[in-house]
Amino acid sequence: MGMHPVQVIAVTGGKGGVGKTNVSVNLALALADLGRRVVLLDADLGLANVDVLLGLTTKRTLADVIAGECDLRDVLIQGPGGIRVVPAASGTQSMVQLSSLQHAGLIQAFSELGDELDVLIIDTAAGIGDSVVSFVRAAQEVLLVVTDEPTSITDAYALIKLLNRDYGISRFRVLANMAHAPQEGRNLFAKLTKVTERFLDVALQYVGAVPYDEAVRKAVQKQRAVYEAYPRSKCALAFKAIAQRVDTWPLPATPRGHLEFFVERLITPASQSHE
């Protein structure tokens, strides 16, 4: 395994419908635009949709890697803007119930790509299931996508509470999605911060807001990322600005900055991982 520093970002949201996959895809493209080598992992192991969102045809998926039928490089598909995508296996029940050994094999495969990428973005499933927790607690950065709906805020808080209480994660980056005004994103962050400061010992950091934009719907209908299809749209420009901020996030010191650490975290039983 290589020793090239890699930024591992888990994009999560607590609930479905907050635009998590759209955020993952467009952030990946915006970071690639900055010259970063980006791999996007569709870690929604039950209902994968990154390939559908981008109109990509997949011949093999993570299921084939886990079954030992091919290498990860055989699964990687070229996406727009130079990003590479690892498609998951949609609707495959066994993918939702991976054993710790299978998880280990999966991430071992990723670690072999360590010298070939700068950023690994993980698009997690909705909710707070085992697969979500596995990927999130192994990542260096947790990017929490929230919208201005009571259920989104409640579910985001539940996810933060679980990850903090049971796994010792204390820092979360927050991105407000589908905001109708810049101040709406700030207000949303303030609501979430108010409740976490009262009950939890965590640090929330505001990443920014992605505006509500009809261009997103049009891009989805075309099976393209809005960043690529409508580069001058409000949404695409917001992703450009957010990517510039993300690009300044420091890499953890060795060995935390390498995929080896990600591998070890993912395959360590959750009960032993509390820090």
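These legends describe three close-up views of a predicted model.

**View 1. Leu162 in helix α8 and its contacts.** Leu162 sits in helix α8, which covers residues 150–167. Its relative accessibility is 14%. Buried means under 20%, so Leu162 counts as buried. Leaving aside residues up to four places away in sequence, Leu162 touches Ile128, Val133 and Tyr167. Ile128 lies 34 residues from Leu162 in sequence. In space, the C-alpha atoms of Leu162 and Ile128 are 8.3 Å apart.

**View 2. Helix α9 and its buried residues.** Helix α9 takes in residues 182–199, 18 residues in total. At 1.5 Å a residue, α9 should span 26 Å. The C-alpha atoms at its ends are 27 Å apart, which agrees with that span. The buried residues of α9 are Glu184, Gly185, Leu188, Phe189, Leu192, Thr193 and Thr196. An α-helix has 3.6 residues a turn, so residues three or four places apart point the same way. Several elements help cover the buried residues of α9. Among them are strands β6 (141–146), β7 (171–179) and β8 (203–211), together with helix α8.

**View 3. Strands β7 and β8, with the crossover through α9.** Strands β7 and β8 run parallel. Seven bridges join them. The chain leaves β7, passes through α9 and enters β8. This β-α-β crossover is right-handed. Within the strand pair, Arg173 stands opposite Gln205 of β8. Both β7 and β8 also figure in View 2, where they are among the elements covering the buried residues of α9.

Methods. Residues are numbered from 1 along each chain as its sequence is written. This is a predicted model: local features need pLDDT of at least 70, side-chain atom pairs count only at pLDDT 80 or more; totals for chains, interfaces and linings use all residues. Side-chain values use heavy atoms; hydrogens and water are left out. Helices (H or I, at least four residues) and strands (E, at least two) are DSSP runs, numbered from the N terminus. Buried means under 20% relative accessible area, exposed over 50%, partly exposed in between (1.4 Å probe, protein chains only). Contact means heavy atoms within 4.5 Å. The expected span of a helix is 1.5 Å times one less than its number of residues. Two strands pair if DSSP finds at least two bridges between them. A crossover is right-handed if, with the strands pointing away from the viewer, the path from the first strand over the helix to the second runs clockwise.
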